[in-house]
Amino acid sequence: MSTISLLERYGRAPSGAHVACLVCRACGHETPVEATNICERCFGPLEVRYDYEEVARRISRESIAAGPSSIWRYRDLLPVDLEETEPITLGEGFTPLIHARNLGAELGLRNLYLKNDTQNPTGSFKDRVVSVAATWAREHGLTTIACASTGNLANSVAAYAAHAGMRAVVVVPSDLEPAKMIGTSIFRPTIIAVDGSYDDVNRLCTELADCVDWGFCNLNLRPYYSEGSKTLTFETAEQLGWRLPDEIIVPVASGCQFVKHRKAAGELIDLGLVDSGSRLPRFTGAQALGCSPVATAFSGGETTVVPVRPATIARSIAIGNPSDGADVLRIARETGGVVASVTEEELVEGIELLAASEGIFAETAGGVTVAVLRNLARAGRWEGDETVVAYITGAGLKTADCVASRAPVLTPVPASLRAVRERYAGLIS
Ligand SMILES: *Cc1c(COP(=O)(O)O)cnc(C)c1O
Ligand SMILES: [Zn+2]
């Protein structure tokens, strides 16, 4: 079963009066709210459409501030109705927005901010989207949540299913980073490791979704799941004092969250939640050169993306056939952003620069983001007073292997004060 008839099951769509329907991003065809992500007319991607008049009646800066310190403070712009259902939450979101004075000084940016999403329950921004997907799934009677994953999504699905008492099935490429395997299996989901790339895994799961009644976060639940990404941009605006930044830098894998950050900024403007006169930020994408199909299309002036075979240590963003690639290209161009890539060497430097200058240990995707930020700053993209926000989407301990060889080799000294002082003098001279 790939779709679930909610009207049949409940007599109405229990997703809140503020959710209108699903709408196709390509052809505009509308369908009722159910577990599906593909337009029956044109196979385009489906999105949640809200009844914005109802949302406007419910939401205000005050109602948001009175909500929990999690993504659920923005419940009126998420596709579940909390009057009907409890969220499945581990406290995801409302992560720190840090004024990066040291890194900013190095890059000539006085108003550089880092959205530190390494601080989520399982260490990546995926907790935002999985919290929404799992809540929607339970609300609609599903008992198993599943995913195709490059690692972080598997961690998150396994953890949220454990917390909710749901079943989890995660399908991953067999060569994931060890920390991501451990960080998934600890929650005892059903894990299927596939001898292939993420793109192979994704294709298999697309076929599998038609044979089982599981909620696949990034497939049949994608319209709901992806809405959770918006909270990263809602929070950024709220934490800047209800203002949108001039530019946002986002790592791009499938492009799913990139597209939703644009949607989020539009909602904040249209609902009057940000200061009047707020303009859309420039949206800039970051990729690793070893898997940079969107950056390649951007610099070639193309409007579509040619799939590639990924070869990069930035595993969490190694998607060679990005489903939302064309929309990323369009949004970057429309808003005055760019999509750029960095080498493996540069991404490791990005991890080190972020750690040394701001005390944040990011995974490889964060290294990509910071390295793109650094390259653009060096190339003179900004004058200095612009508000630029970089989204740091994953925690460093998960990909510590990538920087292990850069740590100094330590030979112990004898356990005496003299030896310690001598070593110290030797090290700082
Ligand atoms: C999944 C992921 C991304 C990219 O997300 P898309 O929406 O697929 O573009 C970025 N950073 C991290 C750490 C991720 O896990
Ligand atoms: Zn369509």
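In the charge count used here, Lys and Arg are positive and Asp and Glu are negative, while His and the chain ends are left out. Select those side chains in this predicted model. The protein chain carries 40 positive and 51 negative side chains, and the centres of the two sets lie 3 Å apart.

**Whole chain**

Now show the whole C-alpha trace. Along its principal axes the trace spans about 80 × 50 × 45 Å. The radius of gyration is 22 Å, which agrees with the value near 22 Å for a compact globule of 429 residues. Colour by secondary structure to find 17 helices and 13 strands.

Switch to a surface view. The accessible surface is about 17600 Å², and carbon and sulfur atoms supply 52% of that area. Of the 429 residues, 58% count as buried. Among contacts with a separation of 6 or more, 71% join residues 24 or more positions apart.

**Open sheet of S1, S2 and S3**

Select residues 19-24, which form strand S1. Then add strand S2 (30-31) and strand S3 (46-50). The three strands make an open sheet in the order S2-S1-S3, with antiparallel pairing. S2 and S3 are the edge strands, each pairing on one side only. Between S1 and S2 there are 2 bridges. To see the register, label Val 23, which stands opposite Glu 30 in S2.

**Strand S13 and its partners**

Move to residues 387-392, strand S13, where 6 of the 6 residues are buried. Show the side chains: Thr 387, Val 389 and Tyr 391 point one way, whereas Val 388, Ala 390 and Ile 392 point the other way. Both sets are buried.

Next add strand S5, residues 111-116, which pairs with S13 in the parallel sense over 6 bridges. Tyr 113 has Val 389 of S13 as its bridge partner. Then add strand S10, residues 247-251, also parallel to S13, with 3 bridges. Here Glu 247 has Val 388 of S13 as its bridge partner.

**Arg 374 in helix H15**

Finish on helix H15, residues 364-378, and pick out Arg 374. Is Arg 374 buried or exposed? Arg 374 counts as buried because its relative accessible area is 9%, and the cut-off for buried is under 20%. Display its surroundings, leaving aside neighbours within four places in sequence: Arg 374 is in contact with Leu 107, Glu 346, Glu 349 and Leu 353.

Notes: Residues numbered from 1 in each chain as written. Chains lettered and ligands numbered in written order. Predicted model: local features only at pLDDT ≥ 70, side-chain atom pairs only at ≥ 80, totals over all residues. Heavy atoms only, no water. Helix = DSSP H or I, 4+ residues; strand = E, 2+ residues; numbered from the N terminus. Rg over C-alpha atoms; globule rule 2.2 N^0.38 Å. Buried < 20%, exposed > 50% of the residue type's maximum accessible area, 1.4 Å probe, protein only. Contact = heavy atoms within 4.5 Å. Areas by Shrake-Rupley, 256 points an atom, 1.4 Å probe, with all protein chains shown as cover. Charge placed at Lys NZ, Arg CZ, Asp CG, Glu CD. Pairing = 2+ DSSP bridges.
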